[in-house]
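Colleague: I want to learn to read a model one feature at a time. Where would you begin?

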Amino acid sequence: MIQSETLELLEWPRLCQHLATFTATKLGAVAAHHLPIPLTRAETMDLLAQTQEVYKLETLLLQGLSFDGIEDIGDLLERAELGGILSGYELLAVATTLAGVRKLRRAIDSYESEYELSVLPELVADLRTYPELEQDIHRCIDDRGDVTNRASPKLAGIREKMHHLRDRIDSILRGILQRKANAIGQQIITQRGDRFVIPVKAPQKDAVPGIVHDTSTTGATLYIEPNAVVNLNNQMRQLQRQAQREEEVIRKALTEQVAEVKEDLDQLLAIATIIDLATARARYSLWLEASPPQFTDPDSDEPMTMGQLRHPLLVWQQQHEQGASVIPIDVNVRPLVRVVAITGPNTGGKTVTLKTLGLAAVMAKVGLFIPANDPVKLPWFEQILADIGDEQSLEQSLSTFSGHIRRIIRILETIDVQNSKVKILNSKVIGADDFYEDENNSEVDDFSGNENLENSHLSPTLVLLDEIGAGTDPTEGSALAISLLQYFADNALLTVASTHFGELKALKYEDERFENASVEFDSNSLQPTYRLLWGIPGRSNAMTIAGRLGLKQDIIGRAQNYVGESSEDVNQVIAGLEEQRQKQETKAKEASELLQETEYLHREVARKASALKERERELKLAQEVAVQEKIAEAKAEIATVIRNLQQGPLTARNAQKATNAINEISQRYLPTPTPPPKKPGFMPKEGDRIRIPKIGQIAEVLSAPNENDELTVKFGVMKMMVNLREVESLDGEKVESFKKSKNLESQKSKKLESKSKETPPEVSSGGLAVRTSQNSIDIRGTRVGDAQFVVDRALSKAIEYGLLWIIHGKGTGKLRQGIHEFLQEHPLVERYELAARNDGGSGVTIAHLK
């Protein structure tokens with residue numbers, strides 16, 4: 001009872017609901033909502049191993065394990081075993097489940113060697129998915145859940161007769177509809193109760209003798225089965241009943257096949273649910289950015305460590321419910337510590353700390369990762385027992401104090417029972433060596449992992465107590481709290497208690513099994529920081545808070561006199577310790593940041609130095625190879641010249657020829673001196689050849705620069721407009737300060753004078769305006785409205801090119817004016833301008849897109 005009550009106090013059902021959202025099947029969701037807590041450490045290790053393997057797949061694969069097609073067929077299997085007949089849809093559910101589990105098993109088998117899996121392949125190793133049963137179901141049942149004709153020759157024959165009979169009925173009724181058209185309400189053939197009927201106007205019902213099966217809501221139309229088809233409808237009903245009986249026979253046979261393998265199918269569902277739960281645990285852990293827990297032995301020297309531990313429910317609230325940011329806590333419990341007393345002001349986070357610790361312990365038990373930084377180390381607690389919150393009840397006449405005591409009594413009884421089991425187990429361990437023969441005995445794994453049994457008398461229990469001893473006289477409550485904590489220190493592995501009693505702070509200095517912790521409080525802002533501080537007890541902030549809120553100083557001074565100087569001295573010592581700790585934390589943080597920055601810079605310098613050395617080595621090697629090749633070529637050519645000279649007559653003319661040949665070779669192979677850089681002073685003119693470094697092309701100038709410092713160039717079959725600052729001469733000279741000459745100014749004035757009173761084009765941004773077949777359209781000869789529609793569609797398609805060339809022609813100028821007005825208001829157009837003279841001039845508009 002107390003364990004289930006503890007889960008409620010820790011809000012474990014809420015966490016299970018969150019976990020269920022990560023499941024892929026209905027069975028997995030149901031299992032997640034009722035997640036069982038393992039009773040042995042061996043069970044926990046199995047669950048954790050499953051989670052770790054799925055976690056590995058989830059992080060390494062683009063898509064994790066798939067559970068498509070797996071349905072909850074448990075109830076169907078029960079009904080099949082009891083002799084019921086499954087419907088077509090239910091049989092299809094069985095088939096899709098078999099296929100889904102088979103696909104899941106194949107995926108796990110394919111990943112086994114690549115990702116070093118062991119637990120998951122062992123789970124699916126003995127699964128039987130019965131492909132022959134799946135094939136029989138799909139052969140007999142179609143996707144709509146109906147029995148197919150190929151399921152039985154007899155059924156196919158019956159349906160063939162039904163088809164011919166339906167054609168006869170249809171032919172007769174259509175003839176009546178044509179002959180009695182004046183008496184017919186609508187020219188349709190319909191059904192009422194599996195009988196084919198036609199709608200007849202009520203006043204003319206005698207025109208079509210037959211049986212009335214139905215009437216319209218207004219009474220104006222009667223649905224009559226003409227006498228001519230009564231016998232045929234009777235035959236149709238008989239055939240339908242025969243078909244239904246045959247379909248039932250087929251579904252019964254398939255159901256019997258399902259019932260024969262029910263045991264294997266139950267196992268199949270159980271394994272699929274286990275893997276789905278493991279996948280949900282892995283995905284939830286991945287979402288939480290959690291770390292896998294490592295369980296320590298009770299007698300080990302390893303501390304209980306969980307750095308930056310976050311409350312999982314608060315993380316969910318922050319992500320999905322716009323909650324406040326989660327403040328993590330650091331947990332570091334020394335091996336010998338059995339009791340941790342947490343002190344501090346109200347609303348400082350003591351209760352949340354207790355719940356966070358409890359949920360972390362339960363999460364580790366069920367195979368979930370812990371939302372904390374790696375490494376996460378904690379003992380395996382067989383039981384987590386808590387007294388959190390107020391159990392005050394008017395109906396049961398329970399006060400706050402009584403409610404706490406009754407719950408603590410249930411905790412003590414549970415620990416006593418557990419300790420009795422431990423004592424019995426210890427006596428067997430010490431007195432019977434053959435007890436160790438069964439290596440798979442989970443009880444031995446749980447409690448006797450080490451030869452040293454110093455702490456084996458302690459119940460492997462985590463006890464969480466909120467405001468221990470509260471709700472009664474402070475003196476008696478404090479004494480009772482001390483006595484309880486000493487009992488828990490003797491009998492439980494770890495107890496964490498929150499309290500306001502100052503006497504509990506001194507226990508640490510009397511017994512090494514006790515430790516102090518406190519929730520931090522900012523005395524300047526009068527707000528808690530929710531950080532958990534270890535080794536320092538929380539100090540009372542009542543006087544400080546009261547003073548800052550405006551309480552009279554004489555009242556505060558009198559209260560301090562009542563408290564006594566010793567208490568004030570203790571608070572001052574604690575305040576000094578907190579200030580010193582904060583300074584040390586600040587310096588440690590600064591040193592850590594400086595160290596990280598230094599290490600980063602060192603790595604960068606080392607990497608760049610190594611890269612430079614490697615580049616230098618490669619360049620040197622390449623130069624040596626090139627020099628050797630050039631030397632070899634030069635030697636070969638010189639040898640040829642000498643050989644020709646030796647073979648011919650030794651005349652001065654031949655000697656001069658040989659000298660000239662050698663000089664030519666030296667000019668080709670010896671490096672030429674680099675000419676000094678030329679000063680900029682270049683202005684391209686029409687017909688010049690220039691270089692465009694931006695695209696690495698040599699182009700011919702087609703027109704002098706315009707008023708926007710742009711000129712039209714051509715390379716290959718492409719024309720474009722470029723800015724003067726983007727070109728240079730073939731010798732590398734740049735354009736001189738982008739100023740126009742007098743000739744350019746006169747050209748500019750002539751162009752301005754020749755322009756009509758059209759909307760002036762926008763100033764070019766200097767980008768390249770390349771015209772291709774994909775970013776240009778020709779709208780000559782179209783009306784303004786039609787042209788605007790065509791241009792609108794073309795603009796949408798030309799977004800990826802950044803501009804659109806619109807060829808509208810010169811003519812009267814109305815089409816150009818209409819296009820310009822349309823472009824002026826279009827949301828995709830940043831600006832527009834007329835093309836250069838050699839690209840169409842006023843007959844072409846270039847629209848630049850946003």
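Modeller: Begin with what packs on a helix. The buried residues of α12 are covered by elements that include α2 (12-20), α11 (262-288) and α13 (350-365). Keep in mind that this is a predicted model.

Colleague: Which residues of α12 are buried?

Modeller: Helix α12 spans residues 312-320, and Pro312, Leu313, Val315 and Trp316 are buried there. They sit on the same side of α12, because their arc around the axis is only 155 degrees.

Colleague: Why do residues three or four places apart point the same way in an α-helix?

Modeller: An α-helix has 3.6 residues a turn, so such a spacing brings the direction round again.

Colleague: Give me a second helix to practise on. Which residues of α3 are buried?

Modeller: Leu27, Gly28 and Ala32 are buried in α3, which runs over residues 26-33. Viewed down the axis of α3, they stay within an arc of 135 degrees, so they line one face of the helix. The cover over these buried residues includes α2 and α11.

Colleague: Now helix pairs. At what angle do the axes of α2 and α12 cross?

Modeller: Read the distance and the angle together. The axes of α2 and α12 cross at roughly 55 degrees and come within 10 Å. That angle makes α2 oblique to α12. The handedness is a separate reading: the crossing of α2 past α12 is left-handed. By class, the contact of α2 with α12 holds 4 nonpolar, 1 polar and 1 charged residues.

Colleague: Which residues of α2 and α12 meet?

Modeller: From α2 come Arg14, Leu15 and His18, and from α12 come Pro312, Leu313 and Trp316. Those three residues of α12 are also among its buried ones.

Colleague: How does α5 lie against α11, parallel or antiparallel?

Modeller: Look at the angle between the axes. For α5 (residues 74-81) and α11 it is roughly 170 degrees, and the axes come within 11 Å. Angles over 145 degrees count as roughly antiparallel. Therefore α5 is roughly antiparallel to α11. Gly74, Leu77, Glu78 and Glu81 of α5 make the contact with Lys262, Leu265, Asp266 and Leu269 of α11. By class, these residues are 3 nonpolar, 1 polar and 4 charged.

Colleague: Next, the backbone. What sign does phi have in most residues other than glycine?

Modeller: In most of them phi is negative, and most peptide bonds are trans. Now look for exceptions here. Glutamate 116 has a positive phi, near 55 degrees. Tyrosine 130 is not a glycine either, and its phi is about 45 degrees, again positive. Glutamine 322, just after α12, takes a positive phi of about 55 degrees.

Colleague: Where do glutamate 116 and tyrosine 130 lie?

Modeller: Glutamate 116 is in the loop between α6 (88-111) and α7 (119-124). Tyrosine 130 is in the loop between α7 and α8 (131-140).

Colleague: Is tyrosine 130 buried or exposed?

Modeller: Use the relative accessibility. Tyrosine 130 has 8% and counts as buried. Glutamate 116 has 64% and counts as exposed.

Colleague: And the peptide bonds: which residues does a cis bond join?

Modeller: Aspartate 374 and proline 375 are joined by one, with omega at about 5 degrees. Proline 375 belongs to strand β9 (residues 373-379).

Colleague: How do I read a single buried position, say glutamine 383 in strand β10?

Modeller: Take the location, then the accessibility, then the contacts. Strand β10 covers residues 383-387. Glutamine 383 is at 6% relative accessibility, so it counts as buried. Setting aside neighbours within four places in sequence, glutamine 383 has contacts that include Gln3, Lys365, Thr414 and Leu462.

Colleague: What about an exposed one?

Modeller: Try aspartate 206, in the loop between β2 (195-201) and β3 (210-215). Its relative accessible area is 69%, so aspartate 206 is exposed. Aspartate 206 lies 23 residues from alanine 183 in sequence, and their C-alpha atoms are 9.1 Å apart.

Colleague: Last, the whole chain. How many helices and strands does the protein chain have?

Modeller: There are 23 helices and 23 strands. The protein chain has 850 residues, of which 41% count as buried. For contacts between residues at least 6 apart in sequence, 68% join residues at least 24 apart.

How values were computed
Residues numbered from 1 in each chain as written. Predicted model: local features only at pLDDT ≥ 70, side-chain atom pairs only at ≥ 80, totals over all residues. Heavy atoms only, no water. Buried < 20%, exposed > 50% of the residue type's maximum accessible area, 1.4 Å probe, protein only. Helix = DSSP H or I, 4+ residues; strand = E, 2+ residues; numbered from the N terminus. Arc of directions from axis to C-beta. Contact = heavy atoms within 4.5 Å. Axes fitted to C-alpha atoms, helices over the stretch in contact; angles between N-to-C directions. Parallel < 35°, antiparallel > 145°, perpendicular 65-115°, else oblique. Left-handed = near helix turned anticlockwise from the far one by under 90°. Nonpolar A, V, L, I, M, F, W, Y, C, P; charged D, E, K, R; others polar.
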